[in-house]
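Good morning, and thank you for coming. I would like to take you through one protein chain, beginning with its strands and then turning to its interior.

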Amino acid sequence: MWMAQERKDLTPPYGYLTRLFRPFPDFDPPFIKPVRYKAVELLHLKAGDRVLDVGCGPGGSFPCLVHAVGQSGQVIGVEISPEISINAKRRVVKNGWRNVQVIEAAAQDVHLTGLFDGLLMFAAPDVYASEEALENIVPHLRENARVAAFGAKLSSKGLGSSLNPVLRMLFNLSFSTTPRPDYEPWRSLAKHVEKLDIEEYFLGLMFLCSGSIPRKVDE
């Protein structure tokens, strides 16, 4: 197992671009917003809920999550990169969110307290495709808690499949520990949730999946 300090020093090359957007804490690519909102809707959150945003990046999903849980709820963001977490924390301060916390840690060894009603992993393959990360996070989810993940995948569809080499190249700009893209990157997650529903986007190069944490069987 890697040491936490080793993970902490990992910032993907694209992460340093976040410095350019620090004067604009609320920046979020317009084309990604509809999918982000859909992912949060699939969590079925309500006022007062606690939700995890693991691999939160610069906090692009925070506005949706805060709206969903209300002032009485709580949003906990987890981000491995020190460079990127700065942007997420600035977004929180700019918007005055008192119920949002950003934890700078790897999903594989982040220390969490209490139980959560939902888990979002948006563009976080080093989380949803990591068995080690899921084993650390899933025990903190309530029974029937909703889980949603969005990310990239290899496509088997016409034009989409011709772009697979480009996708592989882009993944080289991510963490060195990020699993390489494949056709079913949700396989690890499927072991932990019930009725995993999968939708494909952008010529089959992106996916959005969701499911629920199963009830514990009484012994």
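In which sense, parallel or antiparallel, do S5 and S7 pair, and over how many bridges? They pair in the antiparallel sense, over 7 bridges. Within this pairing, alanine 149 has cysteine 209 of S7 as its bridge partner. Please keep in mind throughout that this is a predicted model.

S5 also pairs with S4, here in the parallel sense and over 6 bridges. Phenylalanine 122 stands opposite phenylalanine 150 of S5. How enclosed is S5 itself? Of its 12 residues, 9 are buried, so the rest of the structure largely encloses this strand.

Let me now step back to the whole chain. The protein chain contains 9 helices and 7 strands. It has 219 residues, and 51% of them count as buried. The area that the chain exposes is about 11,200 Å², of which carbon and sulfur atoms supply 57%. If we take the contacts with a separation of 6 or more, 73% of them join residues 24 or more positions apart.

We come next to the interior. The largest nonpolar core has 29 residues, and those with the most contacts inside it are Leu52, Val54 and Met121. Several elements each supply at least two residues of this core, among them strand S1 (50-54), strand S2 (74-79), helix H6 (131-137) and strand S7 (206-212). The largest share comes from S5, with 4 residues.

Methionine 121 deserves a moment of its own. Which residues does it touch, once we set aside its neighbours within four places in sequence? Its contacts include Val54, Val127, Tyr128, Leu134 and Leu189. Also in contact with methionine 121 are Val147, Ala148, Ala149 and Phe150.

There is also a second, separate core, made of 26 residues. Among its members are Leu65, Val69, Phe122 and Tyr201. Phe122 has already appeared in this talk, as the residue opposite phenylalanine 150.

Let us turn to helix H2, residues 33-41. Its buried residues are Val35, Arg36, Ala39 and Val40. Why do we say that they share a side? They cover an arc of only 140° around the axis, and this puts them on the same side of H2. The face turned away from that buried side carries the exposed residues Pro34 and Glu41. The cover over the buried residues of H2 includes helix H3 (62-69), strand S6 (194-201), S4, S5 and S7.

Following the chain onward, we find leucine 42 in the loop between H2 and S1. Is leucine 42 buried or exposed? Its relative accessibility is 15%, and because buried means under 20%, leucine 42 counts as buried. Beyond its neighbours within four places in sequence, leucine 42 is in contact with Arg146, Leu208 and Ser210. Leucine 42 and serine 210 are 168 residues apart in sequence, yet their C-alpha atoms are 6.7 Å apart in space.

I shall finish with the cysteines. How many disulfides does a search of the whole structure find? The search finds 0. Cysteine 56 counts as buried, at 6% relative accessibility. Cysteine 209, the bridge partner of alanine 149, is buried too, with a relative accessible area of 1%.

Definitions and conventions: Residues numbered from 1 in each chain as written. Predicted model: local features only at pLDDT ≥ 70, side-chain atom pairs only at ≥ 80, totals over all residues. Heavy atoms only, no water. Core = buried A, V, L, I, M, F, W, Y, C linked by side-chain atoms within 4.5 Å. Buried < 20%, exposed > 50% of the residue type's maximum accessible area, 1.4 Å probe, protein only. Contact = heavy atoms within 4.5 Å. Areas by Shrake-Rupley, 256 points an atom, 1.4 Å probe, with all protein chains shown as cover. Disulfide = S-S within 2.5 Å. Arc of directions from axis to C-beta. Pairing = 2+ DSSP bridges.
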